[in-house]
Amino acid sequence: LGQLPIIAKMHAKILPLVTSIQLNRLSNGIFHGPNYFLPKTRLTSVVTMHDLSIYRFPHWHPKTRIDRLCELMPLSIQRAHVVLTDSEATRHEVMAEFDLKPDKVRSVLLGVDQQYFPRQEAQLSEVLAQYGLSSGRYSLFVSTIEPRKNIANLIAAYRKLPIATRLQWKLVLVGGKGWQSEEIHAAIDAATAEGWLIYLGFVDQRCLPYLYAGCRLFTYPSWYEGFGLPIAEAMASGVPVLTSNCSSMPEVAAGAAVLVEPGDVVDITEKLQYALENETWRSQAIERGLLRAAQLTWDNCVAGTVAAYRFAEQQR
């Protein structure tokens, strides 16, 4: 129903009114809109802007979503005492897009769940066997199957690897079907038929930490991210990471990952082979990744968010 323009417009009009009525019954408090939306309220207000993909890459979104967010986001930012982002990269984008002073926008990095940590092969075998996998014998990608994640170029780059490499370390994709993914699924089907790609679709959250910890390499050459949580989850799991050299991804990796140009298939192929085969780099990447992931905790995220609440109260 949300894809129908009339329903989307009604939702965009009614929800703010209902929320405002509820909030205005309160005489004191802080309202945090954690997902772009901030209603009109007398309370101290904070809003989180996770990314600006609808402005940067509108072709990745349904028109109803673009229309709704392009109306709500400027209003939410205008109403907020403080705007939060998930990274410094997004913070600078938000400041530039909406002409905001630096003290109004704060970045609070996300955290990694404690279920992501290195595991021994014996701890992995039971879960991996459910998917026909063996520890250290596959590369992994985890996210919704959609154009923003650059899966088409990942598959094209993997195809350029020597066939022996592809068969030794098959590419495993995890994620449900997303927006405009028909061509991507066609590429997935072709690579699956060739025997070097495995598409698992949606995987239960309880199994994901095992899939992460068991891979030879985590691949995430996305076009654009507000943060890129899978990068942090992979580093916390003790595996090397390949990701893109743009938006927030270098910031999250902080020197622990090999970076690629997402539009350059040859560059991705060369870096894939390097990351799969260079044992010296792999050991360094694992060590650096674990140190970086240890900094990305939910406790730190909470502390940064609470500090933003206190600052917001001072701005009233």
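Leaving aside neighbours within four places in sequence, with which residues is Thr 19 in contact? In this predicted model, Thr 19 belongs to helix α1, which spans residues 5-23. Beyond that sequence window, its contacts are Phe 31, Phe 37 and Pro 39. Thr 19 has a relative accessibility of 12% and therefore counts as buried, the cut-off for this class being under 20% relative accessible area.

The strands were examined next. An open sheet is formed by 4 strands, arranged in the order β1-β2-β3-β4 with parallel pairing. Its edges are occupied by β1 (30-33) and β4 (105-107), each of which pairs on one side only. On average, and with direction ignored, neighbouring strands of this sheet are turned by 25° against each other. Strands of a sheet pair through backbone hydrogen bonds, in either a parallel or an antiparallel arrangement. For strand β2 (residues 44-49) and strand β3 (residues 82-85), the pairing is parallel and extends over 4 bridges. Within this pair, Val 46 is placed opposite Val 82 of β3.

Two helices were considered in relation to these strands. Helix α3, comprising residues 63-79, lies across β2 and β3; with β2 it forms an angle of about 140°. Helix α4, comprising residues 88-98, packs on the sheet and touches β2, β3 and β4. The direction of α4 makes about 165° with that of β4. Strands β2 and β3 are thus covered by the descriptions of both helices, α3 lying across them and α4 touching them.

Notes:
Residues numbered from 1 in each chain as written. Predicted model: local features only at pLDDT ≥ 70, side-chain atom pairs only at ≥ 80, totals over all residues. Heavy atoms only, no water. Pairing = 2+ DSSP bridges. Axes fitted to C-alpha atoms, helices over the stretch in contact; angles between N-to-C directions. Contact = heavy atoms within 4.5 Å. Buried < 20%, exposed > 50% of the residue type's maximum accessible area, 1.4 Å probe, protein only.
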